[in-house]
Amino acid sequence: MKTKVITEQGRDKALATIKKPEVIERQKLNVRYHIEDLDVNDRPRRFLEAFAAILKHSNYRMVLDHFTRVTARCSRCAVACHIYQATGDPKDIPCYRSGLLLDVYRRHFTLGGMIRGRITGGGYITDEKIEEMADSFYNCTACRRCALECPLGLDHGLVTHLGRYILSEIGIVPRALVVSVRAQLEGPYHNTSAVPVPALKDTIEFLEDDMYEEKSVKIKFPADVEGSDYVFFAPVSDYLMEADTLMGIASVFAATGDSWTIGTENFDAINYGLFYNDRIMERVIKRVDSEARRLNGKQVLIGECGHASRTAKNFLPTFCGGSDSLPVLNILEYTHKAWREGKLKLDPDVVTEKVAYHDPCNLARNRWIVDQPREVLKSFCRNYVEMTPKGEDNICCGGGGGAVSIDEIRSYRMTIGGKLKAEQIRKCGCEILVAPCANCKKQLRELVEDQGLNCRVVGFHDLIYKAIDFDGSLKVQHEEDTTLDPGKYNPGRPSDGKGK
Amino acid sequence: MESLLHFARGPLFRLCFMIMLLGLARILFLDLWEAYRAYRKAGDKKMPWRLIVRRGLEWAFPMKRIWRNPQLYSFVSILFHIGLILVPVFLFAHIDLWKSAIGISWPALPFRWALWLTISTIVCAAVLLIERLSVKAIHSLSRGQDYFWLILLLFPFVTGFVCANLKIGAGLYQFLMLVHVLSGDVIFLLIPFTKMAHCVLAPFSQIIDALAWKFPPATDQDILETLNPNH
Ligand code: SF4
């Protein structure tokens with residue numbers, strides 16, 4: 001990557017050239033939105049109590065000990081962080097950010113630190129330090145790009161994760177995230193957008209009609225079908241905003257003939273626990289598991305959503321039975337497999353624009369899903385272009401770590417968080433930007449709007465839906481019999497009677 | 001002076017070296033013990049070994065990183081580390097010392113190589129020091145020990161270079177030799193107690209990173225009860 005740490009003037013210039021008049025500088029950012037009313041004087045004690053309780057029951061002590069022992073303060077991580085690259089403020093260097101929490105750990109939870117602290121009389125946690133941590137950990141988008149650049153392997157995204165966890169235990173957490181989680185865990189509809197089940201059913205019926213009209217094939221969105229191969233969880237916002245993504249996914253299933261289902265008791269993949277609290281994450285993931293088990297499904301399939309996929313993939317085994325837990329698959333993996341097996345016919349003449357693929361951090365950072373979507377896209381998008389850096393080394397959209405859900409900081413996300421991404425998009429000159437993640441999509445669309453970028457942001461399956469070509473037999477069959485039996489979509493494949 | 005030098009490169013060296021070995025063994029043991037306990041507690045025990053090994057190797061042999069942004073800094077710090085590792089271990093004069101201390105020896109670096117490595121290490125340390133002082137990002141992160149180490153590491157290299165390559169009087173030679181050996185002893189002594197511990201811990205970072213995301217199952221209730229005993 002060639003970008004240099006920008007100078008003070010460069011930074012001012014960068015901020016000045018941004019179109020939005022209400023440019024917000026990091027230091028002037030009003031971060032009070034995520035500080036709930038508390039007795040401020042009591043916070044250091046409560047912070048340490050929460051920290052201690054978490055250390056007692058988790059594995060974080062191992063990481064903190066290792067990190068405090070090896071950290072060399074070399075500053076290499078600075079070049080990796082899109083936030084620091086945009087602000088040039090040393091307080092945004094990943095190692096500085098992690099240092100805030102590591103210092104508290106060292107001072108209050110290690111013998112050496114306590115002795116040193118007593119002698120020098122410094123380092124004690126104060127209210128200002130808590131404020132600084134709150135500010136800093138929510139400026140970070142937890143994209144974990146800096147971890148790749150650290151020669152000593154410090155995962156600053158993990159420290160941000162832990163820092164937010166402790167803060168949330170003393171009530172410091174973005175309101176937007178809490179509101180969504182409350183709706184999901186305590187609300188009547190068990191999803192973050194409080195979509196009632198009848199509304200969900202209306203939506204999928206509407207989508208079915210649309211697909212029938214557009215593709216002349218009757219494709220069903222199965223709901224509550226027990227014993228399906230795949231229990232599907234989309235980020236609930238897809239049902240409100242991403243019709244094409246969902247229709248693309250349904251089309252892929254129509255083409256493969258596999259049985260799948262949505263569960264009406266829990267159909268939301270979103271897990272904001274990842275962004276601020278492990279206990280919340282555990283509760284949400286357990287509900288995904290119980291819904292899949294209620295329906296007697298064989299695999300959990302997560303839709304186009306980076307954080308939800310990573311959470312399910314990594315933490316379903318953690319919280320729901322280790323090696324006996326249900327396997328987790330992301331929809332891109334499923335579609336890629338279907339494509340490789342030759343089950344998808346994608347018309348190469350439909351998408352003629354310049355297409356680029358944006359890697360969601362949660363899918364690409366650990367090299368989980370990097371090449372699969374590219375292979376499929378390149379097979380039918382004639383004009384495919386790459387952004388660099390990409391894959392495991394991609395640049396965050398600027399809305400990661402839950403930032404995108406917080407509308408109050410849109411300005412921050414647009415001018416600072418998404419600055420590098422916007423430059424990257426502009427440089428690659430794509431007309432269609434594929435982002436297979438609900439959070440990335442929202443952030444990137446806002447970026448396109450606010451930064452005047454010349455492209456359209458779509459989901460991966462939006463393009464699949466556009467290009468998928470159902471063979472004649474399907475359509476003939478549909479004329480004879482308008483009920484979809486997925487098994488009949490592939491001549492030669494036995495119908496197992498599931499998924500109806 | 002002679003007897004002092006003898007003491008510094010004899011008993012004192014052995015003492016410092018022993019402290020270093022024990023200290024490093026201690027933190028290595030603690031680190032790995034904690035990792036083992038974390039693994040035992042983890043709800044998901046499947047480790048991404050391929051990724052761990054690949055990333056570990058990438059840093060052990062940082063070819064890809066030599067000319068990465070920030071280029072000069074990357075290049076210089078990698079070269080610096082090469083010198084730091086090779087010269088003390090493979091310089092022929094040191095091998096004699098090692099032999100007398102621990103009784104084994106190994107092939108030495110050719111003299112010219114050792115000379116150039118010494119010079120490059122000195123230059124690299126100087127460049128790194130200047131960068132720490134002048135580049136905003138690095139300067140703002142630096143603690144006392146970060147400067148201290150760069151300066152301390154310069155001592156044995158500069159004195160060693162002068163003694164081995166320049167014609168100097170016997171008195172000065174002895175004095176510089178004493179500085180050389182003493183600074184080496186101090187370095188050994190301090191390694192386990194400072195950031196230099198990374199020399200043994202860094203190879204395990206990727207494992208620790210992967211393990212870090214392996215949480216114990218069902219901590220929700222435990223933490224809740226610890227925080228609200230009357231809950
Ligand atoms: S995780 Fe991402 S945003 Fe956070 S410090 Fe690292 S590079 Fe910056």
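This note goes through the ligand site, the cavities and a few local features of a predicted model.

1. The ligand is a good place to begin. In this predicted model, the ligand sits in the second largest cavity, and the residues that surround the ligand are A:Cys81, A:His82, A:Ile83, A:Pro94, A:Arg97, A:Cys140, A:Thr141, A:Ala142, A:Cys143, A:Arg144 and A:Cys146. Helix H4 (82-87) and helix H5 (94-109) of chain A are the elements that give two or more residues to this shell. Sorted by class, the shell around the ligand holds 7 nonpolar, 2 polar and 2 charged residues.

2. The cavity that holds the ligand can also be described by its own lining. The second largest cavity has a volume of about 100 Å³, and 15 residues line it, with A:Cys81, A:Pro94, A:Cys140, A:Cys143 and A:Cys146 lying nearest its centre. At least two residues of this lining come from each of H4, H5, helix H8 (145-149) and H9 of chain A. By class, the lining of the second largest cavity comprises 8 nonpolar, 4 polar and 3 charged residues.

3. The next point concerns the cavities of the model as a set, and then the largest of them. Rolling a probe the size of a water molecule over the atoms shows where empty space is left. The count comes to 8 cavities of 30 Å³ or more, and the largest cavity has a volume of about 230 Å³. Its lining is made up of 24 residues, among which A:Thr141, A:Phe275, A:Asn362, A:Gly400 and A:Gly401 are the closest to its centre.

4. Where does the lining of the largest cavity draw at least three residues from? It does so from each of domain 1 (8-173) and domain 2 (182-470) of chain A. Helix H9 (156-169), helix H14 (273-276), helix H16 (306-319), helix H18 (361-364) and helix H22 (438-450) of chain A each contribute at least two residues to this lining. The lining of the largest cavity divides by class into 11 nonpolar, 10 polar and 3 charged residues.

5. Among the contacts between side chains, there are 47 salt bridges over all chains, and one of them joins A:Glu149 and A:Arg76, with 2.8 Å from N to O. Because A:Glu149 lies in helix H8 of chain A and A:Arg76 in the loop between helix H3 (60-70) and H4 of chain A, this pair ties together parts that are 73 residues apart in sequence.

6. Two features of the backbone deserve a careful look. Most residues other than glycine have a negative phi, and most peptide bonds are trans. A:Ala142, which belongs to the loop between helix H7 (127-139) and H8 of chain A, has a phi near 50 degrees, a positive value in a residue other than glycine, and A:Ala142 is also one of the residues that surround the ligand. Elsewhere, A:Thr388 and A:Pro389 are joined by a cis peptide bond with omega of about -10 degrees, and A:Pro389 is located in the loop between strand S6 (384-385) and helix H20 (410-417) of chain A.

Key
Residues are numbered from 1 along each chain as its sequence is written. Chains are lettered from A and ligands numbered from 1 in the order in which they are written. This is a predicted model: local features need pLDDT of at least 70, side-chain atom pairs count only at pLDDT 80 or more; totals for chains, interfaces and linings use all residues. Side-chain values use heavy atoms; hydrogens and water are left out. A residue is near a molecule or strand if one of its heavy atoms lies within 4 Å of it. On a 1 Å grid over the protein atoms alone, a cavity is a set of points where a 1.4 Å probe fits but cannot get out, and a pocket is an open set with protein on both sides within 12 Å along at least five of seven lines; lining residues have an atom within 4 Å of a point. A molecule sits in a cavity or pocket if more than half of its atoms lie within 2 Å of its grid points. Helices (H or I, at least four residues) and strands (E, at least two) are DSSP runs, numbered from the N terminus. Ala, Val, Leu, Ile, Met, Phe, Trp, Tyr, Cys and Pro count as nonpolar, Asp, Glu, Lys and Arg as charged, and the others, Gly among them, as polar. Grid points are joined across faces, edges and corners, and a volume is the space filled by probe spheres set on the points. Domain bounds come from an automatic or database domain assignment. A salt bridge is a side-chain nitrogen of Lys or Arg within 4 Å of a carboxyl oxygen of Asp or Glu.
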